Amino acid sequence: MLVTLTEVYKDSRGQSLKNYKPKYTLRSVVVNPEHVMYIREETSTLDLLHEGLLPEGIDSRARFSRVTVDRPSSADLIIVGSPEQIQEKLILSRKKMLKG
């Protein structure tokens, strides 16, 4: 069963190089839990949050995780949520799949 998570990503559309200031936004991503290699705390994204570079509305207490998925190629995703919260979502999706 697939799991929908919220990814933080850098959106560089429509920005000139002269006055470049990174803009981050959120998007939903759908992940196959069987392809998750590891999850770890992503503390550098907290700096972006405190600098006001992330979209408005993200709670100042939010935590972020780097999720690495494999297949067809390896990719790192910055996901809103602690490693424990993400792990719980992945485990719940497997339980739902087993119950059918």
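This is a short talk on the sheet of this structure and on some of the salt bridges in it.

Before I begin, please keep in mind that what we have here is a predicted model, and that residues are counted from 1 along the chain.

Let me start with the sheet. It is an open sheet of 5 strands, and if you follow the strands across it, their order is 2-1-5-4-3, with antiparallel pairing. The edges are taken by strand 2, residues 24–31, and strand 3, residues 36–41, and each of these has a single partner strand, so one side of each is left without a neighbour in the sheet. If you turn the model on the screen, you can look for the twist as well, since neighbouring strands are turned by 40° against each other on average, with direction ignored.

Now to the pairings, taken in turn. Strand 1, which covers residues 3–10, runs antiparallel to strand 5, residues 75–80, and the two are joined by 2 bridges; V8, for its part, has I78 in strand 5 as its bridge partner. Between strand 4 and strand 5, again antiparallel, there are 6 bridges, and here V67 stands opposite L77 of strand 5. These two strands also form a hairpin, with 5 residues between them, and in that turn R71 has a positive phi of about 105°. On to strand 3, which pairs with strand 4 in the antiparallel sense over 5 bridges, and where E41 has S65 in strand 4 as its bridge partner.

Strand 4 deserves a moment of its own. How many of its residues are buried? The strand spans residues 64–69, and 6 of its 6 residues are buried, which leaves it mostly covered. Going along it, F64, R66 and T68 point one way while S65, V67 and V69 point the other way, and all are buried.

That brings me to the charged side chains, for which the structure holds 6 salt bridges. I will go through some of them.

One joins R27 and E7, whose side chains meet at 2.8 Å, N to O. R27 lies in strand 2 and E7 in strand 1, so this pair ties together parts that are 20 residues apart in sequence. The two partners can also be described by their accessibility: E7 is buried, with a relative accessible area of 7%, whereas R27 is partly exposed, at 38%.

Another is formed by E41, which we have already met as the partner of S65, and R63, with their closest N and O atoms 2.6 Å apart. This pair links distant parts of the chain, as E41 is in strand 3 and R63 is in the loop between helix 1, residues 44–50, and strand 4, 22 residues apart. Both partners count as partly exposed, E41 at 29% relative accessibility and R63 at 36%.

In a further one, the side chains of D76 and R66 meet at 3.6 Å, N to O. Here D76 belongs to strand 5 and R66 to strand 4, and the two are 10 residues apart. D76 counts as partly exposed at 41% relative accessibility, while R66 is among the buried residues of strand 4. Lastly, salt bridges that share partners join E41, R63 and E84 into one network.

If you take one picture away, let it be strand 4, whose residues are buried, and which pairs with strand 3 as well as with strand 5.

Notes. Predicted model: local features only at pLDDT ≥ 70, side-chain atom pairs only at ≥ 80, totals over all residues. Heavy atoms only, no water. Pairing = 2+ DSSP bridges. Helix = DSSP H or I, 4+ residues; strand = E, 2+ residues; numbered from the N terminus. Axes fitted to C-alpha atoms, helices over the stretch in contact; angles between N-to-C directions. Buried < 20%, exposed > 50% of the residue type's maximum accessible area, 1.4 Å probe, protein only. Salt bridge = Lys/Arg side-chain N within 4 Å of Asp/Glu carboxyl O.
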